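Reader: I have a structure to look at, and some labels puzzle me. Can we go through them one by one?

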2 protein chains.
Amino acid sequence: MKIAVLGTGTVGRTIAGALAGLGHDVVIGTRDPQATLARTEPDAMGTAPFAQWHAAHKQVGVATFADAAAGGELIVNATNGGGSLKALAAAGPGNLSGKVIMDVANPLDFSQGMPPSLNPVNTDSLGEQIQRTFPEARVVKTLNTMTASVMVNPARVAGGEHSVFVSGNDEDAKKAVTEILQGFGHRDVIDLGDITSARGAEMILPVWLRIWGSLGTGEFNFKIAR
Amino acid sequence: MKIAVLGTGTVGRTIAGALAGLGHDVVIGTRDPQATLARTEPDAMGTAPFAQWHAAHKQVGVATFADAAAGGELIVNATNGGGSLKALAAAGPGNLSGKVIMDVANPLDFSQGMPPSLNPVNTDSLGEQIQRTFPEARVVKTLNTMTASVMVNPARVAGGEHSVFVSGNDEDAKKAVTEILQGFGHRDVIDLGDITSARGAEMILPVWLRIWGSLGTGEFNFKIAR
């Protein structure tokens with residue numbers, strides 16, 4: 001499948017690399033491809049420059065948000081939550097229309113200090129904001145409840161014995177996303193309901209951050225034991 | 001141990017009954033014991049009258065919030081989240097001073113429609129509100145992430161292979177609560193950190209409610225796979 005992955009951070013790179021490895025035709029979208037490729041220093045988080053990652057993943061195309069989205073049959077939103085609506089606007093509503101947006105972002109709000117809080121939260125969610133802003137797109141919230149390496153390789157944790165959620169209004173879109181999740185190796189995909197259930201999925205983040213602090217590693221995941 | 005359980009709903013009854021079964025000296029606290037015992041009809045949620053439950057659990061005392069708290073060495077807050085501060089105020093700050101408050105309540109807010117949202121949320125939590133309001137008490141948030149039957153009998157779900165969280169500022173208080181949890185059969189007690197981490201534990205509720213809807217049962221729990 002032709003897939004556009006919006007976002008060049010760790011999550012975007014990890015998902016793009018994994019999808020390409022599974023044989024998909026992947027283009028990473030970024031605001032300014034020249035600038036993204038020109039950086040030679042690690043970013044503030046210590047993430048290696050994009051060009052270094054791209055040298056090892058030449059099969060992944062690099063394009064503007066709009067060009068990537070135009071060519072994609074499915075769009076992955078792997079941008080920072082705070083910038084997602086802007087990035088998707090740059091991708092262009094026409095390039096998103098009718099397409100599945102697999103939204104893996106979290107609306108972390110660092111303005112209230114550490115640990116980050118969420119915005120929106122409680123009575124709204126980023127997943128809903130995206131669906132409202134781009135009503136012709138078919139948004140599915142997923143994968144935001146685990147670290148990037150586990151998103152694409154669930155077997156890294158407890159032999160893959162854990163769960164992933166999907167939220168969205170469109171059943172076919174959730175089916176398409178579930179197939180991608182299963183391609184990564186996820187075996188327990190739980191359908192939480194319509195896109196308003198993205199509130200619950202996003203509100204897991206605060207406890208995720210605390211568990212990360214407690215365990216000293218982000219390589220864990222929630223399993224719904226039943 | 002002498003334990004006061006505040007709250008006569010399903011959660012309070014379940015915890016009081018289980019603690020009494022483990023040999024603790026348990027008194028249930030309620031606003032008006034006479035009124036609580038006089039009810040003969042199921043409540044709005046269909047919960048059987050308290051007197052019916054109490055007839056089967058005669059070893060559990062029934063007293064006012066204040067009398068129960070006065071006699072308790074450890075206090076369980078099993079009241080409705082929206083009424084917890086009021087119930088604890090009725091229990092009396094002096095009766096809580098120096099004691100561990102095991103807070104299992106969730107601040108569900110039904111005023112925004114269904115499913116309920118949370119209040120407080122995101123940058124505050126009920127656990128923190130209780131700690132701030134009763135600074136001499138030692139609040140530990142726990143057990144609020146699962147249904148009552150699983151709180152006291154984790155083996156009901158997946159052979160007990162799942163996790164429970166504790167949040168609180170006082171290490172000895174968390175140790176005392178952990179011993180109670182282990183008495184119920186919990187084997188994976190994760191310390192999330194200080195009482196501000198109760199935000200994360202409480203913010204699990206929205207996804208819990210959606211998973212409940214999806215699975216058709218509340219008898220599940222989160223296991224932190226790692």
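Author: Yes. Keep in mind that this is a predicted model. Start with chain B. Pro115(B) sits in the loop between strand E6 (108-109) and strand E7 (117-118) of chain B.

Reader: What kind of peptide bond joins Met114(B) and Pro115(B), and what is omega there?

Author: The bond is cis, with omega about -10 degrees. Most peptide bonds are trans.

Reader: Where is Pro115(A) found?

Author: Pro115(A) lies in the chain A loop that runs between strand E6 (108-109) and strand E7 (117-118). A cis peptide bond joins Met114(A) to Pro115(A), and omega is about -10 degrees.

Reader: Now Ala158(A). What is its phi?

Author: Phi of Ala158(A) is positive, about 50 degrees, and the residue is not a glycine. Most residues other than glycine have a negative phi. Ala158(A) belongs to the loop between helix H8 (148-152) and strand E9 (163-168) of chain A.

Reader: Why is Ala158(A) called partly exposed?

Author: Count its neighbours. Ala158(A) has 17 C-beta neighbours inside 10 Å. Buried needs 20 or more, and exposed needs 12 or fewer. The count of 17 falls in between, so Ala158(A) is partly exposed.

Reader: And Ala158(B): how many other C-beta atoms lie within 10 Å?

Author: There are 17, so Ala158(B) is partly exposed. Ala158(B) is in the loop between helix H8 (148-152) and strand E9 (163-168) of chain B. Its phi is near 50 degrees, a positive value in a residue other than glycine.

Technical notes:
Residues are numbered from 1 along each chain as its sequence is written. Chains are lettered from A and ligands numbered from 1 in the order in which they are written. This is a predicted model: local features need pLDDT of at least 70, side-chain atom pairs count only at pLDDT 80 or more; totals for chains, interfaces and linings use all residues. Helices (H or I, at least four residues) and strands (E, at least two) are DSSP runs, numbered from the N terminus.
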